[in-house]
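Work through the following exercises with the sequence and the model side by side. Each task is followed by a solution that proceeds step by step.

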Amino acid sequence: DHTTMAWLVAGRQMAHKSVFGFLFALLFIGVVVIIIVCFTAKYGKRDKEVTEPFWKTSVVFQVYPPSLYDAHPDGIGDITGIMSKADYLAELGVGAVWISPVYTSPMKDFGYDISDFTDINPIFGTMADFDELVSAFHQRGLKVIMDFVPNHTSDQHEWFQKSVAREDPYTDYYIWADSKGGTDNTTRQPPNNWLSVFRGSAWEWSEERQQFYYHQFLAEQPDLNYRNSIVREEMKNVLLFWINKGVDGFRVDAIKHLFEAEDLSLDEPVAADSGITDPDDYGYLNHTYTVDQPETFTVLHEWRQLLDLYTD
C-alpha cells in the first residue's frame, strides 16, 4: 500500500546518507517479510486443510450395527436403526461413519466371518435398506466407510466350499498343505507350528480334501491365498461393488495378516523374552512368517491405485 511504499522510499534515501539509514531499511524490510511469512503460514495452512481428504480431517464414528439402534424390535440393531440416527450423528459434528460388518455371515466372529462379501445379512436388513442409508447420510454431509475384511472368509463361503472340493478355479483360493505325517487321526500333523490369534494351531484338517487349511483366526475363518492373482481380482471386485453403491471409503481389517511365508515348512521361533510358557498362546511365538510380510505392500498399492480412480 501507499504507506508501505513511503517507508521503503524513506529507507532507501536514508541508506544513501548513512550506514544507520541502510541498516534501518534492512530492518524494516525484514519485519515486512516476517509478517508476510507468518500470515502465509497461518492462513495458507487453513486453505491446504480444506483440500485434505475427509479421512484425514473428519471425526470418524464407528458403529457396531447390532448395538446402536433396533428399528425393528427383535433385539438386534439394524441398518434402518443406524439411518434413523443420521441427524444425531450430523449434530455431533461427525464427518464419517465407519460401519462394522453387515455382510452375510454365520456370525461366529461378530460378522467378521463373511460368507458373501456383496450381500447384506438379513438380521441387519436388506440391500435396499443399505442404499437408503447411504443416500440419507450423504444428504447430511456424512461419509460412509465400510469394514473391508480381506484376509479370510467364512468356511460357509461358496469359494471355500468349492476349494474343499478342488473345483477350479477355487482349488487354490485358500492356503492348503499336506500333513507332515500320515492322514489318519494318530499320525497326521500340521505342516508347521504356526498359531491362531485365538489360541492353538492355525491349521485345521479337512477330511474331504485330505489336507490342512490355514486360519489365523477361528477355524471357521480360512485365510485367502493372496499369491493367487484370481483371488486378488475377486477382492478388487468387492471394493468396486461397494464403491458403485456410493461407499466413500474402507477400513481394512487385519491387514498385517494378509500374507504368510510361501515356504509352509518353516516353524516360527519361540518368543524367548515374552514370559509366556503356554505353547497354545499366540504370544508364545515370534510371528516372523505370518504377519507383516513384504508382499502386503504390493497388494495395498494395487488397492490404492484402484481407489484413486474414484477419488474426487
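**Exercise 1. Find how β2 and β5 pair, and place both strands in their sheet.**

Step 1. Strands β2 and β5 pair in the parallel sense over 4 bridges, where strands are DSSP runs of E with at least two residues, helices are runs of H or I with at least four, and both are numbered from the N terminus. Two strands are said to pair if DSSP finds at least two bridges between them. The model is a predicted one, in which local features need pLDDT of at least 70 and side-chain atom pairs count only at pLDDT 80 or more, while totals for chains, interfaces and linings use all residues. Residues are numbered from 1 along each chain as its sequence is written, and side-chain values use heavy atoms, with hydrogens and water left out.

Step 2. W98 in β2 has I145 of β5 as its bridge partner, and W98 is also the bridge partner of Q62. The pairing of β1 with β2 is likewise parallel, over 4 bridges.

Step 3. On the other side of the path, β5 (residues 143-148) pairs with β9 in the parallel sense over 4 bridges, and F148 stands opposite V252 in β9.

Step 4. Together these strands give an open sheet of 4 strands in the order β1-β2-β5-β9, with parallel pairing. Its edge strands, each pairing on one side only, are β1 (60-63) and β9 (249-252). From one strand to the next, the twist averages 30°, with axes taken as lines fitted to C-alpha atoms (for helices over the stretch in contact) and angles running from 0 to 180 degrees between N-to-C directions.

**Exercise 2. State which way the side chains of β2 point, and whether they are buried or exposed.**

Step 1. From strand β2 (residues 96-99), A96 and W98 point one way, whereas V97 and I99 point the other way.

Step 2. All of these residues are buried, a word that stands for under 20% relative accessible area, with exposed meaning over 50% and partly exposed in between (1.4 Å probe, protein chains only).

**Exercise 3. Describe the surroundings of V247, starting from the helix that precedes it.**

Step 1. Helix α9 (residues 229-244) packs on the sheet and touches β5 and β9, its direction making about 155° with that of β5. V247 lies in the loop between α9 and β9.

Step 2. V247 is buried, because its relative accessible area is 6%.

Step 3. Leaving aside neighbours within four places in sequence, V247 is in contact (heavy atoms within 4.5 Å) with F130, V144, M146 and W242. The C-alpha atoms of V247 and K143 are separated by 7.6 Å, although these residues are 104 apart along the chain.

**Exercise 4. Identify the residues that touch the most other members of the largest nonpolar core.**

Step 1. A nonpolar core is a set of buried Ala, Val, Leu, Ile, Met, Phe, Trp, Tyr and Cys residues joined through side-chain atoms within 4.5 Å.

Step 2. The largest such core has 50 residues, of which F130, L133, F137 and W242 touch the most other members.

Step 3. L133, not counting residues up to four places away in sequence, touches I79, I82, M83, I99 and V144. Another core, of 10 residues, lies apart from the largest one, and among its members are A202, W203, F212 and A261.

**Exercise 5. Follow the pairing around strand β8.**

Step 1. Strand β7 (residues 203-206) runs antiparallel to β8 and is joined to it by 4 bridges, with W205 opposite F212.

Step 2. Strand β6 (residues 176-177) also runs antiparallel to β8, through 2 bridges, and the bridge partner of A177 is F212.

Step 3. β7 and β8 form a hairpin with 4 residues between them, and Q210 in the turn has a positive phi of about 65°.

**Exercise 6. Examine the backbone at D168 and P169, and at D292.**

Step 1. Most residues other than glycine have a negative phi, and most peptide bonds are trans.

Step 2. The bond joining D168 and P169 is a cis peptide bond, with omega about 5°, and P169 is found in the loop between α8 (158-164) and β6.

Step 3. D292, in the loop between β9 and α10, has a positive phi near 55°. D292 counts as exposed, because its relative accessibility is 54%.
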